[in-house]
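Visitor: I would like to learn how to read the packing of a protein chain from its model. Where should I begin?

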Amino acid sequence: MFETSRRSLVLNAAVAAAALGLDRSLAIAAPKRGRRTSDPARGFVRYKVGDAECTALYDGVWEKAHDPAFFSNATMAETKQALAAAGLPTAFVPIPITVFVIKLNNKLVMCDAGGGDQVQAYNPDSTFVSGRLMAGMNAAGIDPNKIETILVSHFHPDHIFGLLAKDTSAPVFPNAEIIVPAAEYKFWTDPATIDRVPKARRPLARRIQSVIPKWKNVLPVDGEDEVVPGIRFVSAPGHTPGHTAFHVSSGNEQLMVSNDTAYVPALCASHPGWHGAFDQDAALAETSRRKLLDRVIADKMMICGSHFPWPGLGRIARDGAGYAVTVSTS
Ligand SMILES: [Zn+2]
């Protein structure tokens, strides 16, 4: 998540700054609210997709204060209503962060890296927790040094800051090959992007440009290649220029790691036409969302998402004009 559409830059600049807190000079006083939900008792959940062993790892949660600019075409009342309809808290928007590790064909693959305890809740009515990933890995018996490949969906902080050490930006996974969508890499590493993105985004672009191109273990991949045996990139642009989902196939089973295509399903899957402030191109994001969700239904896949209710794995079906995601809680 976390991007503003060009059309509503002015309106959303404050929201973007709120979401990111990337520049310490932008940071304001500590949140006046404490956490209202607690971490799950166990930071990992394991399940099978064919022969693939998938582990959902809890990284944190953004308890996002409601704000009228969150969707350009839905009110705060409608947003609260949609959360209530899904049985979620309505006092804030609950946005958990889940990272998935997949063991398939003897390879250990991680999907995104969480926020690395480096994403702040700029809005004092919000809280943002991230960086629980390592504790979850430890509890799950996964050695981070054994991760061979990391697939990156897009370059927003809650997905890539876990790759960077907090103060030094040193690589946290120096032994892994980091496969990224070429379109995403091109956008964020283009020097011209710094002037094109909203002010609050510039520290993110600068941090990416000062670090990622220097790493020798980053591989930009174009299109929808099979990036590791059994896992294919699926282009789903709009949220960001190169936003990508991951399709996992093993035996007769398939899993779509949808990343931020339908980030909070109670909102974005139930109401696929709602245009979120954090979708860089909201119309394109909607097209990608409908296409991806339709495919998941047609092919009877399982689906998971970075911000689905913990532990992030579910099934999806059509529901009126939208889609309903049922997340299994075990
Ligand atoms: Zn996200």
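**Reading the packing**

Guide: Begin with contacts along the chain. In this predicted model, of the contacts between residues at least 6 apart in sequence, 70% join residues at least 24 apart.

Visitor: What is the secondary structure of the chain?

Guide: The chain has nine helices and 15 strands.

Visitor: How much of the chain is buried?

Guide: Buried means under 20% relative accessible area. By that cut-off, 58% of the 330 residues are buried. The chain exposes about 13,400 Å², and 52% of that area comes from carbon and sulfur atoms.

Visitor: Which residues have the most contacts inside the largest nonpolar core?

Guide: A nonpolar core is a set of buried residues of certain nonpolar types, joined through side-chain atoms within 4.5 Å. Here the largest one has 68 residues, and Met110, Met137, Ile147, Ile150, Leu163 and Leu267 have the most contacts inside it. Strand 3 (residues 93–104) gives the most to this core, with five residues. Apart from it lies another core, of 28 residues, including Val61, Leu151, Ile179 and Phe233.

Visitor: What is Ile150 in contact with, leaving aside neighbours within four places in sequence?

Guide: Ile150 then touches Met110, Asp112, Leu163, Phe173, Ala176, Glu177, Ile178 and Ile179.

Visitor: Why is helix 5 largely enclosed by the rest of the structure?

Guide: Helix 5 (residues 182–189) is largely enclosed because six of its eight residues are buried. These are Ala182, Glu184, Tyr185, Phe187, Trp188 and Thr189.

Visitor: Which elements do they pack against?

Guide: The buried residues of helix 5 pack against strand 7 (177–181), helix 6 (193–196), helix 7 (202–211) and strand 8 (218–221).

How values were computed
Residues numbered from 1 in each chain as written. Predicted model: local features only at pLDDT ≥ 70, side-chain atom pairs only at ≥ 80, totals over all residues. Heavy atoms only, no water. Buried < 20%, exposed > 50% of the residue type's maximum accessible area, 1.4 Å probe, protein only. Helix = DSSP H or I, 4+ residues; strand = E, 2+ residues; numbered from the N terminus. Contact = heavy atoms within 4.5 Å. Areas by Shrake-Rupley, 256 points an atom, 1.4 Å probe, with all protein chains shown as cover.
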